[in-house]
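Subject: Structure handover

Hello,

I am passing on the structure we spoke about. Please open it alongside this message.

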Amino acid sequence: MCGRYTLATADPAQVRARFPIAESVEVRRRYNVAPGDDVLAVTTDRSGAPRGELLRWGLVPSWAESPESRLKMINARVETVSERPAFRTAFGRFRCLIVADGFYEWRSGGPRQPKQAYHITRADDQLFAFAGLWSVWKGQDGRQIRSCTILTTRPNQAVAALHDRMPVILERDAEQLWLDPGTARSALMELLEPLPDARIALRPVGPAVNDARYDGPECLEAPGSEPEQALL
């Protein structure tokens, strides 16, 4: 699964230069994006033109009676995304890019030992996009929730040492195909492969990231280098 990620190394100008994010959409550094947070994404309008917006991480299908299940749908498996009712419509019509520069995964420790967190990025340290789906839920009281989920696939060999799933990181030249409403299902499925080992980098980070409520730069510090206040 993908349960935490970052958008920490680029300033807003770099993000807007890389993705079609309008000035009206807030862009800020995030060191520990967690389920339920509003996340930076690129969706499409009715004509298929890309647009930047903030979506809540945790998909709420448009047909759901209540939005309370949103935290349980932070990921969608590529193997079943076109079949499961929660994701089928979104896969066909509402695909998005979720902007990031890295994600976290944890290696289990031994008995009585804490898990070790790793920050995983592209080897070239460039911004990238997760393959995502989005939806709009409307309540009877007029409330709307625009939400999203991140697609996961089998891990490459490097990530497999940490977990049996990894998020789909799209190649740059695949992003427009993913957004294009006219892209055939067979072509979409070809995009949903794990990024090759040579294109990712992993490094251990300290325990600050373990607290989903904490979103400071200490999340990216090496083990043993975090100030104590970051862990409160």
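Below are notes on the open spaces, the enclosed space and one of the sheets.

Please keep in mind that this is a predicted model.

Largest pocket

The largest pocket has a volume of about 560 Å³. Its lining is made up of 23 residues, and those closest to the centre are Arg46, Arg93, Phe94, Trp134 and Val136. Two elements, α2 (85-93) and β9 (128-138), each give two or more residues to this lining. The largest contribution comes from α2, with 6 residues. Sorted by class, the lining of the largest pocket holds 11 nonpolar residues, 6 polar ones and 6 charged ones.

Second largest pocket

The second largest pocket encloses about 190 Å³ of space. It is lined by 13 residues; Arg28, Arg30, Asp38, Val39 and Leu54 are the closest to its centre. Here the elements that supply two or more lining residues are β1 (5-7), β2 (30-33) and β3 (38-44). Of the elements, β3 gives the most to this lining, with 3 residues. The lining of the second largest pocket has 8 nonpolar and 5 charged residues, and no polar ones.

Cavity

The structure has 1 cavity of 30 Å³ or more. Its space comes to about 30 Å³. The lining of this cavity consists of Thr44, Arg93, Phe94, Arg95, Leu179 and Pro181. By class, that lining has 3 nonpolar residues, 1 polar and 2 charged. Two of the cavity-lining residues, Arg93 and Phe94, are also listed among the residues closest to the centre of the largest pocket.

Sheet

An open sheet is formed by 5 strands, in the order β2-β1-β7-β8-β13, with antiparallel pairing. The edge positions belong to β2 and β13 (200-205); each has a single partner strand, so one side of each has no neighbour in the sheet. On average, neighbouring strands of the sheet are turned by 30° against each other, with direction ignored. At the β13 edge, the partner is β8 (residues 116-122), and 6 bridges join these two antiparallel strands. One residue pair to look up there is Arg122 with its bridge partner in β13, Ile200.

The sheet and the pockets share some elements: β1 and β2, which are strands of this sheet, both give two or more residues to the lining of the second largest pocket.

Regards

Terms used:
Residues are numbered from 1 along each chain as its sequence is written. This is a predicted model: local features need pLDDT of at least 70, side-chain atom pairs count only at pLDDT 80 or more; totals for chains, interfaces and linings use all residues. Side-chain values use heavy atoms; hydrogens and water are left out. On a 1 Å grid over the protein atoms alone, a cavity is a set of points where a 1.4 Å probe fits but cannot get out, and a pocket is an open set with protein on both sides within 12 Å along at least five of seven lines; lining residues have an atom within 4 Å of a point. Grid points are joined across faces, edges and corners, and a volume is the space filled by probe spheres set on the points. Ala, Val, Leu, Ile, Met, Phe, Trp, Tyr, Cys and Pro count as nonpolar, Asp, Glu, Lys and Arg as charged, and the others, Gly among them, as polar. Helices (H or I, at least four residues) and strands (E, at least two) are DSSP runs, numbered from the N terminus. Two strands pair if DSSP finds at least two bridges between them. Axes are lines fitted to C-alpha atoms, for helices over the stretch in contact, and angles run from 0 to 180 degrees between N-to-C directions.
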